[in-house]
Amino acid sequence: MAWLNWWLYSSGHQPVGLDPPLPDGVNISKEARSAISRAASVFVLYATSCANNFAMKGKRKTLNAGDVLSAMEEMEFQRFVAPLKESLEVYRREQKGKKEARKDKDKKADSEEQDKSREEENDDDDERMEEEEQNEEEEVDN
Amino acid sequence: MAARPSGGENRLVSLPLSRIRVIMKSSPEVSSINQDALFLTARATELFVQYLASYSYKHGRGKEKRALTYSDLSHTAEECETFQFLADILPKKILASKYLKMLEKEKRDGGVKEEEEEKEEEEDESEDEDAES
């Protein structure tokens with residue numbers, strides 16, 4: 001649960017959120033941390049189920065951003081909607097930027113460089129996922 | 001699962017997306033999840049964690065000792081409507097002895113001797129003996 005500790009304690013780094021971080025020096029018991037972690041999982045499940053209802057209403061099989069936002073309203077977390085929309089915009093721009101960077105790389109490449117840049121691309125894409133998976137304390141069995 | 005806060009890159013979300021995806025996919029009837037939806041869910045979960053912790057601390061008794069305790073969280077789940085969906089996984093804790101008494105009471109259908117109760121009454125909340133209600 002290292003991510004949770006980091007998240008709860010690093011008030012300086014918290015992205016724009018709505019609630020004040022815990023004051024400095026506040027201790028969070030091990031039990032409380034474990035409880036928060038479980039609560040987060042339940043939240044994800046609840047949100048997903050709710051979002052999925054909206055997707056099904058729209059006769060879609062793929063959950064999209066709108067479904068998640070609608071779910072937040074449904075769950076009475078309207079306060080999240082505005083900051084989520086903001087974050088989404090930034091995220092989309094970032095994704096777009098990455099995509100274009102990749103296209104540029106491909107254009108410039110000769111065969112030797114192509115191999116190199118492909119490695120970099122893969123690293124780039126998977127970097128987040130890999131780091132996250134590598135660093136996970138528990139393995140989730142599928 | 002450490003998301004690095006330092007370094008040039010300022011991540012948009014620190015919760016591990018792969019983990020969030022696994023949980024989402026475990027939900028029945030969900031076929032696929034668009035990348036934006038995954039991101040938003042992760043981000044929403046972060047906001048949720050902040051909200052839960054902050055609210056619980058503010059309204060709880062732990063802050064008397066500058067701590068956020070399980071009891072604060074459980075209290076929030078019970079008292080605050082927005083967080084009621086957590087009530088089942090954050091039950092209030094009671095002493096095992098009290099729980100056993102409750103069971104006995106149910107069996108006997110209401111008549112527990114006063115004397116017995118006074119003898120066994122304990123005041124402190126030792127977590128070692130807690131049972132979930």
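**Exercise 1: A residue and its neighbours**

Task: Find which residues A:Met72 touches, leaving out residues up to four places away in sequence.

Solution, step by step:
- A:Met72 touches A:Phe43, A:Ala47, A:Phe77, A:Gln78, A:Phe80, A:Val81, A:Leu84 and B:Ala44. Touching here is a contact, meaning heavy atoms within 4.5 Å.
- Before going on, a word about the model. It is predicted, so local features need pLDDT of at least 70 and side-chain atom pairs count only at pLDDT 80 or more, while totals for chains, interfaces and linings use all residues. Residues are numbered from 1 along each chain as its sequence is written, chains are lettered from A and ligands numbered from 1 in the order in which they are written, and side-chain values use heavy atoms, with hydrogens and water left out.
- Now look at A:Leu84, one of the residues that A:Met72 touches. A:Leu84 sits in helix H4 of chain A, residues 78-108. Helices (H or I, at least four residues) and strands (E, at least two) are DSSP runs, numbered from the N terminus.
- Is A:Leu84 buried or exposed? A:Leu84 is buried because its relative accessibility is 0%. The cut-offs are under 20% relative accessible area for buried and over 50% for exposed, with partly exposed in between (1.4 Å probe, protein chains only).
- Beyond four places in sequence, A:Leu84 touches A:Leu69 and A:Met72 in chain A, and B:Leu40, B:Arg43, B:Ala44 and B:Leu47 in chain B.
- A:Leu69 lies 15 residues from A:Leu84 along the chain, and their C-alpha atoms are 7.9 Å apart.

**Exercise 2: The nonpolar core**

Task: Work out which residues have the most contacts inside the largest nonpolar core, and which elements build it.

Solution, step by step:
- Start with the term: a nonpolar core is a set of buried Ala, Val, Leu, Ile, Met, Phe, Trp, Tyr and Cys residues joined through side-chain atoms within 4.5 Å.
- The largest core has 57 residues, and those with the most contacts inside it are A:Met72, A:Phe77, A:Phe80 and B:Phe48.
- Two or more residues each come from H2, helix H3 (65-74) and H4 of chain A, and from helix H1 (17-25), H2 and H3 of chain B.
- H2 of chain B gives the largest share of this core, 13 residues.
- Stay with H3 of chain B, which covers residues 70-79: its buried residues are B:Tyr70, B:Asp72, B:Leu73, B:Ser74, B:Thr76 and B:Ala77.
- Those buried residues pack against helix H2 (30-57) of chain A, and in chain B against helix H2 (35-59), strand S2 (67-68) and strand S3 (93-95).

**Exercise 3: Charged pairs**

Task: Say how many salt bridges the structure holds, then study three of them.

Solution, step by step:
- There are seven salt bridges over all chains. Each is a side-chain nitrogen of Lys or Arg within 4 Å of a carboxyl oxygen of Asp or Glu.
- Side chains of opposite charge can pair when their charged atoms come close.
- B:Arg43 and B:Glu46 form one, at 2.9 Å from N to O. They are about one helical turn apart because three residues separate them in helix H2 of chain B.
- B:Arg43 is buried at 2% relative accessibility, and B:Glu46 is buried at 1%.
- B:Glu64 and B:Arg61 form another, at 3.8 Å from N to O. Here B:Glu64 is exposed at 63%, and B:Arg61 is exposed at 64%.
- B:Arg108 and B:Glu104 pair at 2.8 Å from N to O. Both belong to helix H4 of chain B (residues 96-108), four residues or about one turn apart.
- B:Arg108 is partly exposed at 38%, as is B:Glu104 at 39%.
- A useful rule goes with this: an α-helix has 3.6 residues a turn, so residues three or four places apart point the same way.

**Exercise 4: Two chains side by side**

Task: Describe the build of chain A and of chain B.

Solution, step by step:
- Chain A has five helices and two strands, in the order α-β-α-β-α-α-α.
- Chain B has five helices and four strands, in the order α-β-α-β-α-β-α-α-β.
- Buried residues are 34% of the 142 in chain A and 43% of the 133 in chain B.
- How many disulfides (pairs of cysteine sulfur atoms within 2.5 Å) does the structure hold? The count is zero over all chains.

Terms used:
A disulfide is a pair of cysteine sulfur atoms within 2.5 Å.
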